[in-house]
Amino acid sequence: MAYFDRTPQTNGDETLKIAMIGGGYVGLVSGACFAAFGTEVAIVEADQTRLQALQQGRIPIYEPGLNALVAQGVANGNLSFGADLAAAVKGADAVFIAVGTPTRRGDGHADLTYVYAAAEQVARCLSGYAVVVTKSTVPVGTGRRIAAIIEHVVPGLDVDVASNPEFLREGSAIRDFMQPDRVVVGCDAPRAREVLGRLYAPLMTRADVMIYTGIETAELIKYAANSFLAMKVTFINEMADLCERLGANVKEVAHAIGLDARIGPRFLQPGPGFGGSCFPKDTLALVRIAQEAGAPSRLIEAVVAVNDARKAGMSARIIGACGGSVRGKRIAILGLTFKPDTDDMRDSPSIPIVARLVEDGAQVRVFDPKGMDQARPLLPPNVTYCGSSDEAMEGADALVIVTEWDEFRAIEPDALRARMAGDVVIDLRNLFDPRSMQAAGIQYHGVGTTAR
Ligand code: NAD
């Protein structure tokens, strides 16, 4: 891959050195990418099982291309994994905090426990100058709070705090990191801007890729971006419902409006409601941030409510398509992860769907190309895990497509009909051509394409 051929970055005569706190989707991908630029990267991971896997050369998450990138970084000595934060931070030009910021139980705020704990640990370990950078998605004001925590733990430390939100998408994370639309750096201190500018210098294919802002602005940019995209998805989902009522076709609506450059074609595919590790928690957090700031976002409040209702309503749609009851019926579910090309199950629409079908007495048989292990602890115990889509579909009364993995697109309507006992297909991703399905004698239910 051309990415490996970047010119090594140097700090004067020295190689730039960073510590990455957290070796999850973001920490691992961005750490491996920085290492590919020639930066010395020490990833600190607190979870023993995850750390052991990384140290033994096993990648605990599924992300295309990540195995090779990590192996390359380890082989050339630029990338290492450990639990010793002090060792990782020693001599680092920048310390990135890439720990989780899940929704706090009960109130929708981002839970900053891990971020603040990491900031305290880092403060205790720093000796010389470093930039402490939040890569985690954190509410406005967190960077200032981190600076105060560091000052409180070890007064007078020579540090700058910066915000550098991450925009990579699971499934195309390496490409997104290596060829970003923009890199946002929120920090007023010239020294910190210079360190971050040098770290990202290998990406400078376009002069306008780096955007320097104040820290609050950078923190808000990430929430604004995710909330806007979530709003776009929610809009087309509502249009899909409307199309079903009116006998219109949402695919044609999306195509036609997407050709308008002011709208754009992406994120206009209707589906079962957005899930994943970011949109649900980030929209909720923005709602709380805006309420607390006295400028409530009625729009994003509506997005959260509409999406929650949509996810909850998907099982009713399936049950309706099955004639009003799934009791005793064999239902095949293809796709469990919140989107294709990842094994991430966080907030996936499949979770409430499978739970409700099982509760209503269905025999649920599931298959996902990469997400089965992550799904097991999140799905009811009496679900049957199948080794292939064919096995899941065998003898099924109904088939539900939940995630649009490419390999499901190849399923032939006639073969599908022959394998199943019943004839109902509920395609929550509009993967199949409705006419071919109907020609094969299938009762096909797409999203926003079939008049009810
Ligand atoms: P993750 O849960 O996959 O990874 C976080 C890791 O940090 C875990 O492995 C955890 O064990 C580790 N950790 C926690 N505290 C630690 C500590 N004190 N020391 C060392 N390790 C510690 O989370 P993620 O998906 O990588 O997300 C991280 C942040 O990035 C979140 O704020 C998220 O919103 C944001 N983000 C995620 C994505 C994405 O697609 N996943 C994209 C952009 C931004």
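**Two domains and what joins them**

Domain 1 and domain 2 bury about 1,500 Å² between them, and 50% of that area lies on carbon and sulfur atoms. Keep in mind as you look around that this is a predicted model. Buried area is a handy place to begin, since the size of an interface is often given as the accessible area lost when the parts come together.

Which residues supply 40% of the area that domain 1 buries against domain 2? They are Tyr-62, His-109 and Glu-170, and no other three residues supply more. You may like to pick out this trio in the viewer before stepping back to the whole chain.

The protein chain is divided into domain 1, covering 2–213, and domain 2, covering 240–445. Taken over C-alpha atoms, the centres of domain 1 and domain 2 are separated by 34 Å. Where they touch, domain 1 brings 19 residues to the contact and domain 2 brings 18.

Now for the polar side of this interface. Between domain 1 and domain 2 there are 8 residue pairs in polar contact, counting pairs with both residues at pLDDT 80 or more. Sorted by class, the side of domain 1 that touches domain 2 has 9 nonpolar, 6 polar and 4 charged residues. The count of salt bridges between the two domains is 1. Glu-170, already met as one of the trio that supplies 40% of the area domain 1 buries, forms a salt bridge with Arg-346, with the closest N and O atoms 3.7 Å apart.

In general, side chains of opposite charge can pair when their charged atoms come close. The structure as a whole holds 21 salt bridges. Another of them joins Glu-166 and Lys-135, whose closest N and O atoms are 2.9 Å apart. Glu-166 sits in the loop between strand 8 (159–163) and helix 7 (173–178), while Lys-135 belongs to the loop between strand 7 (130–134) and helix 6 (142–153), so the pair ties together parts that are 31 residues apart in sequence.

Let us finish with a sheet. Here 6 strands form an open sheet with parallel pairing, in the order 13-12-11-14-15-16. Which strands form its edges? Strand 13 (384–385) and strand 16 (443–445) do, each pairing on one side only. Strand 16 runs parallel to strand 15 (residues 424–427), and 3 bridges join the two. To find the register in the viewer, look for Val-424, which stands opposite Gln-443 in strand 16. As a reminder, strands of a sheet pair through backbone hydrogen bonds, either parallel or antiparallel.

How values were computed:
Residues are numbered from 1 along each chain as its sequence is written. This is a predicted model: local features need pLDDT of at least 70, side-chain atom pairs count only at pLDDT 80 or more; totals for chains, interfaces and linings use all residues. Side-chain values use heavy atoms; hydrogens and water are left out. Domain bounds come from an automatic or database domain assignment. Contact means heavy atoms within 4.5 Å. Buried area is the accessible area (1.4 Å probe) that two parts lose on being put together, summed over both. A salt bridge is a side-chain nitrogen of Lys or Arg within 4 Å of a carboxyl oxygen of Asp or Glu. A polar contact is a pair of N or O atoms within 3.5 Å; within protein, one must be able to donate a hydrogen and the other to accept it, and residues adjacent in sequence count only if both atoms are side-chain atoms. Ala, Val, Leu, Ile, Met, Phe, Trp, Tyr, Cys and Pro count as nonpolar, Asp, Glu, Lys and Arg as charged, and the others, Gly among them, as polar. Two strands pair if DSSP finds at least two bridges between them. Helices (H or I, at least four residues) and strands (E, at least two) are DSSP runs, numbered from the N terminus.
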